[in-house]
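Work through the exercises below with the structure open. Try each task before reading its solution.

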Amino acid sequence: MVPILPTPSRQQILQDMYLDHHDWLRHWLNSRVRYPFTAADLVQDTFVKLLQTQQLFSIQEPRAYLVNVAKHLLIDKHRRYILEQNYLETLKQHADDQDILLSSNQIEEAVLILDFLTVALQGTTALTRKAFIMYYFEGYSQSEIATEIGKSLRTTQLYLADCLQLCYEAKNNLLELEQDER
Amino acid sequence: MNAKQLQKEMALWIVRLNTDNLHERQQAQIEFEAWRNKYPEHHDQLDQMLSFSQTMQQFSTTHGISSQNVRNSMKLSQQSKKHILQMLSKTLLFFVGVGGVIYLASDSTMLSYHTADFKTEVGQIHSITLQDGSKVTLGAKSAIKLDFSSEKRQINLVQGDMYIDVAKDPQRPLIIHTPQADFKALGTRFIVYQYSNSSVLNMLHSKVETRSLGKDHQSKVVKQGEKITANPLGLSPISKLDIASTEFAWDKHQILADQLPLTDLLTNLSRYHHQYLIFNHSTLKDYKVSGVINAQQDLDQTLRLLVSHYPIKITKLGNYVIYITSK
């Protein structure tokens with residue numbers, strides 16, 4: 001991503017947005033956001049997001065815009081939180097028959113993986129997702145999957161190729177985001 | 001070919017080249033050679049994607065991600081989004097609900113005050129000439145809403161007091177509406193005081209027909225030099241008033257109290273001062289006040305005067321909140 005240099009007017013817009021709407025947004029979120037999230041964190045993240053936005057000049061309704069950004073952040077945060085809880089729960093259940101012990105770093109990665117996989121594939125059909133899971137997580141061959149889902153080999157391959165492309169794209173977006181945050 | 005189409009094409013090569021069907025795989029290899037030679041610039045990206053595909057196949061062992069994990073995650077992430085959207089909109093409805101109730105419970109006139117056509121702030125007096133030529137003076141913290149048409153002239157006294165010199169218009173009588181009564185005039189001068197539970201009419205000139213909106217549904221004509229009080233039960237008997245001192249009192253922002261309930265006096269005083277007066281209506285309403293009180297003079301002084309005459313106690317909380325309780 002091209003680094004965005006704050007020009008004076010851009011700086012001014014950001015400053016005005018912060019002064020005019022920071023308290024309001026925090027108040028708005030305060031009454032809606034619950035544990036484990038806090039309005040203060042969310043407001044902070046929202047303005048960080050605003051720093052990265054390219055369309056700063058085209059924002060017509062600042063409050064609606066900020067609420068929308070906060071909403072999407074909250075959706076992302078909550079999803080990661082839920083996925084983490086679920087993942088840790090299954091780890092706990094299978095703690096005995098787990099032959100490898102995962103490091104905290106691996107756990108963090110696993111949650112990220114689950115996150116981008118679900119986001120990448122949320123627009124696909126149930127059958128496509130079924131083929132994907134069988135191929136990548138259950139070790140079935142393409143012919144076996146074709147038989148199981150009742151489609152031709154060629155169709156099955158198209159399903160799998162779709163998923164691979166979507167996941168690859170999502171992973172790259174994620175890496176870009178992480179680089180931005182550093 | 002855009003980036004996404006290119007990725008799709010490469011993804012399909014990767015899948016086809018890794019199929020378990022031998023015949024299909026050989027066919028794919030032949031076709032792929034041609035593609036590979038045609039697009040040497042995409043080799044790196046293809047390698048990256050291939051390695052990513054292999055990494056994905058290892059997630060179950062490298063990160064302990066089971067197929068059940070993935071299935072659950074997909075289900076949960078959809079629910080999560082729904083949950084958040086519901087949470088945001090639900091709390092919104094919830095807050096509108098509660099906010100509305102509080103509004104109504106605290107003071108139903110509050111909203112009407114803020115949406116009134118003309119209003120005055122605490123301690124402010126304001127004179128206006130209406131479109132029909134009638135002259136209105138609003139007392140402190142008072143508000144009116146106009147409803148004028150070709151058939152009628154109606155002024156809703158939302159809160160506070162108003163002095164009016166009604167312009168003559170035989171075709172369109174002018175009505176001052178309060179929750180307790182309608183005061184109908186043709187062309188006259190009078191004052192309406194609006195209290196929490198009653199409204200009082202002081203006639204300065206000519207006459208006004210007062211129609212009770214209370215239980216008795218009575219109508220009485222009140223003439224120059226007379227006054228009447230309307231409350232939810234109905235109309236009081238008509239009594240006399242002194243026109244000159246009433247006009248003088250209005251001009252000087254004096255409250256001419258003649259057996260005025262203490263609570264009404266306090267309500268009136270609070271319109272002229274920024275201090276917040278808190279008192280219990282039911283325990284104080286039976287004390288009646290008579291005398292001339294300057295609404296604009298120092299509030300502490302007025303309250304001290306009241307304490308010396310009535311069995312009440314004043315408790316101050318800081319500079320702005322004053323509790324008035326019965327001793």
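A salt bridge here is a side-chain nitrogen of Lys or Arg within 4 Å of a carboxyl oxygen of Asp or Glu. The model is predicted.

**Exercise 1. The fold of chain A**

Task: State how many helices and strands chain A has, and give their pattern.

Solution.
- Step 1. Count the elements: chain A has seven helices and zero strands.
- Step 2. Read along the sequence: the pattern is α-α-α-α-α-α-α.
- Step 3. Turn to burial. Of the 182 residues in chain A, 40% are buried.
- Step 4. Look at contacts with a separation of 6 or more. Residues 24 or more positions apart account for 61% of them in chain A.
- Step 5. Add the surface. Chain A exposes about 10400 Å², and carbon and sulfur atoms supply 52% of that area.

**Exercise 2. The interface with chain B**

Task: Describe the interface of chain A and chain B by residues, area and elements.

Solution.
- Step 1. Count residues: 52 of chain A are in contact with 47 of chain B.
- Step 2. Take the area. The size of an interface is often given as the accessible area lost when the parts come together. Chain A and chain B bury about 4800 Å² between them, with 66% of it on carbon and sulfur atoms.
- Step 3. Find the residues of chain A that lose the most area to chain B. They are A:Arg32, A:Phe137 and A:Tyr168, together 15% of what that side buries.
- Step 4. Count polar pairs. The interface has 14 residue pairs in polar contact, both residues at pLDDT 80 or more.
- Step 5. Assign elements. On the side of chain A that touches chain B, two or more residues come from each of α3 (62–93), α4 (104–121), α5 (126–137), α6 (142–149) and α7 (153–181) of chain A. The largest share, 14 residues, comes from α7(A).
- Step 6. Sort by class: this side of chain A has 28 nonpolar, 13 polar and 11 charged residues.

**Exercise 3. Salt bridges between the chains**

Task: Give the number of salt bridges between chain A and chain B, then place the pairs A:Glu138 with B:Arg71 and B:Lys8 with A:Asp162.

Solution.
- Step 1. The count between chain A and chain B is three.
- Step 2. Take B:Arg71 and A:Glu138. Their closest N and O atoms are 3.0 Å apart, and the cut-off is 4 Å.
- Step 3. Place both ends. A:Glu138 lies in the loop between α5 and α6 of chain A, and B:Arg71 in helix α4 (residues 67–106) of chain B, so the pair joins two chains.
- Step 4. Check exposure. A:Glu138 is partly exposed, with a relative accessible area of 32%. B:Arg71 is partly exposed as well, at 35%.
- Step 5. Take B:Lys8 and A:Asp162. Their side chains meet in a salt bridge at 3.7 Å, N to O.
- Step 6. Place these ends. B:Lys8 lies in helix α1 (residues 3–17) of chain B and A:Asp162 in helix α7 of chain A, so this pair also joins two chains.
- Step 7. Check exposure again. B:Lys8 is partly exposed at 37%. A:Asp162 is partly exposed at 32%.

**Exercise 4. Charged residues of helix α3**

Task: Is A:Arg79 buried or exposed, and which residues does A:Arg79 touch?

Solution.
- Step 1. Locate the residue: A:Arg79 is found in helix α3 of chain A.
- Step 2. Apply the cut-off. Buried means under 20% relative accessible area. A:Arg79 has 8% relative accessibility, so A:Arg79 counts as buried.
- Step 3. List the contacts, leaving out residues up to four places away in sequence. A:Arg79 touches A:Asp115, A:Thr118 and A:Val119, and also B:Ser77 and B:Ser80.
- Step 4. Move to A:Lys77, which forms a salt bridge with A:Asp45, the closest N and O atoms being 2.8 Å apart. The pair links distant parts of the chain: A:Lys77 is in helix α3 of chain A and A:Asp45 in helix α2 (residues 39–52) of chain A, 32 residues apart.
- Step 5. Compare exposure. A:Lys77 is partly exposed at 28%, and A:Asp45 is partly exposed at 27%.

**Exercise 5. A covered helix in chain B**

Task: How many residues of helix α7 of chain B are buried?

Solution.
- Step 1. Find the helix: α7 of chain B spans residues 262–270.
- Step 2. Count: eight of its nine residues are buried, and the helix is mostly covered.
- Step 3. Name some of them: the buried residues include B:Leu262, B:Asp264 and B:Asn268.

Terms used: Residues numbered from 1 in each chain as written. Chains lettered and ligands numbered in written order. Predicted model: local features only at pLDDT ≥ 70, side-chain atom pairs only at ≥ 80, totals over all residues. Heavy atoms only, no water. Helix = DSSP H or I, 4+ residues; strand = E, 2+ residues; numbered from the N terminus. Buried < 20%, exposed > 50% of the residue type's maximum accessible area, 1.4 Å probe, protein only. Contact = heavy atoms within 4.5 Å. Areas by Shrake-Rupley, 256 points an atom, 1.4 Å probe, with all protein chains shown as cover. Buried area = accessible area lost by both parts, 1.4 Å probe. Polar contact = N/O pair within 3.5 Å; in protein donor to acceptor, adjacent residues only side chain to side chain. Nonpolar A, V, L, I, M, F, W, Y, C, P; charged D, E, K, R; others polar.
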